[in-house]
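Colleague: I am new to this structure and would like a close look at one part of it, the place where aromatic rings meet. Could you take me through that part slowly, and then through whatever helps me to place it in the rest?

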Amino acid sequence: MNRKKFIKNALLTGVVSAIAPQILKANNNKSINSTYDTLMQQVGFNHIPNKNIHTMNTVIHKAETRGQANHGWLNSHHTFSFANYYNPERMNFGVLRVLNDDIVAAGMGFGTHPHDNMEIISIPLEGDLEHKDSMGNVAVIREGDVQVLSAGTGITHSEYNKNKDKEVKFLQIWVFPKEKNVTPRYDQISIRDIVKTNEFYQVLSPNKDDQGVWINQDAWFHIGNFTKGNSDEYKIKREGNGVYAFILEGDVEINNEKLSKRDGMGIWDTDSIYVKATENARVLLMEVPMTR
């Protein structure tokens with residue numbers, strides 16, 4: 001079997017086993033594939049920029065080029081290869097492995113399913129998402145909240161649309177961890193009190209004493225809410241990191257590249273990026289290591 005076919009088969013098998021395609025309880029007595037081990041099989045393929053090449057330090061993913069899976073109860077757009085969407089040129093951006101833009105129908109959700117050794121971040125954009133896990137956490141996350149699940153040695157969890165009369169929309173983001181087999185951990189915060197206008201504010205970092213949630217990786221997430229004509233410069237916090245920008249709303253220019261709602265742009269081998277709103281806009285910046 002050639003390398004490309006092997007990777008495709010591993011991706012389809014591993015990711016499908018790592019999520020619940022419908023509302024069903026997982027049989028915890030069955031052996032499960034490791035989220036981390038399965039997805040790490042793709043690392044080293046042609047999706048991670050070569051740090052020795054400095055002539056092409058950007059990648060742009062337009063919204064309409066993303067993968068899509070519409071299951072009726074779930075309509076999901078995949079920036080990177082996930083489940084049945086496979087593109088060998090779009091596996092991850094550094095340690096940023098999954099960026100799913102999910103819409104879950106009223107009263108529906110992901111049944112109990114396992115993860116290990118993955119940092120899973122959920123950012124609700126609209127509606128209420130109910131979370132339950134094997135650590136005993138039961139919570140509802142809403143627009144203005146950020147949740148992180150550090151899967152570590154292994155957990156099971158479920159996510160449901162709490163409302164019976166409206167959809168829930170949220171971003172599901174997976175990041176490879178810095179260290180494997182840590183003790184699983186759950187964290188959730190409201191970012192309503194730290195929101196700023198026309199500048200980026202931090203919502204995630206590797207440090208538990210910093211603003212926002214913290215994860216087991218040298219990564220920083222920031223959100224910016226901009227009115228038309230305003231701008232901000234984001235400075236890279238760790239040498240060797242890159243930044244993946246995801247446009248939540250509106251139109252912007254990043255380093256003179258024009259981007260619109262749900263477009264993504266990755267930039268590396270730089271000390272900073274410059275973001276300007278050409279219309280009212282909201283932008284998520286994810287700074288992550290480009291290599292492990």
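**A pair of rings and its surroundings**

Modeller: Phe200 is buried, since its relative accessible area is 9%, which falls under the 20% limit used for that word. Please keep in mind that we are looking at a predicted model. The ring of Phe200 forms an aromatic pair with the ring of Tyr234, and the arrangement is edge-to-face, with 6.5 Å from centre to centre and 80 degrees between the planes. Tyr234 counts as buried too, because its relative accessibility is 4%. The two partners come from distant parts of the chain, as Phe200 belongs to strand 13 (residues 200-205) and Tyr234 to strand 16 (residues 231-235), with their positions 34 residues apart in sequence. This pair is one of 8 aromatic pairs that the structure holds, and elsewhere Phe80, Phe93, Tyr244 and Trp268 come together in one aromatic cluster.

A ring can also have a charge as its partner: the charged end of Arg185 sits over the ring of Trp214, at 3.6 Å from the centre of that ring. Arg185 leads us on to Ser150, for Arg185 is among the residues that Ser150 touches, a list that also includes Met118, Val182, Thr183, Pro184 and Asn216. Ser150 lies in strand 9 (residues 145-150) and is buried, as its relative accessible area is 3%. The side chain of Ser150 is joined to that of Glu119 by a polar contact of 2.7 Å.

To place these details in the wider fold, one may turn to an open sheet of 4 strands, which pair in the antiparallel sense in the order 5-10-7-8. Strand 5 (109-115) and strand 8 (138-142) are its edge strands, each paired on one side only, and neighbouring strands in this sheet are turned against each other by 20 degrees on average, direction ignored. Strand 7 (residues 128-133) pairs with strand 8 over 5 antiparallel bridges, and there Asp128 has Arg142 of strand 8 as its bridge partner.

Finally, two loop residues deserve a careful look at their backbone. Most residues other than glycine have a negative phi. Asn255, however, has a positive phi near 50 degrees and is found in the loop between strand 18 (252-254) and strand 19 (257-259), where Asn255 is partly exposed at 33% relative accessible area. Asp269 likewise has a positive phi, of about 55 degrees; Asp269 lies in the loop between strand 20 (264-267) and strand 21 (272-277), and is partly exposed, with a relative accessible area of 34%.

How values were computed
Residues numbered from 1 in each chain as written. Predicted model: local features only at pLDDT ≥ 70, side-chain atom pairs only at ≥ 80, totals over all residues. Heavy atoms only, no water. Helix = DSSP H or I, 4+ residues; strand = E, 2+ residues; numbered from the N terminus. Buried < 20%, exposed > 50% of the residue type's maximum accessible area, 1.4 Å probe, protein only. Pairing = 2+ DSSP bridges. Axes fitted to C-alpha atoms, helices over the stretch in contact; angles between N-to-C directions. Polar contact = N/O pair within 3.5 Å; in protein donor to acceptor, adjacent residues only side chain to side chain. Contact = heavy atoms within 4.5 Å. Phe/Tyr/Trp six-rings, centres within 6.5 Å; stacked < 30°, edge-to-face > 60°. Lys NZ or Arg CZ within 6 Å of the ring centre and 35° of its normal. Lists of a residue's contacts leave out its neighbours within four places in sequence.
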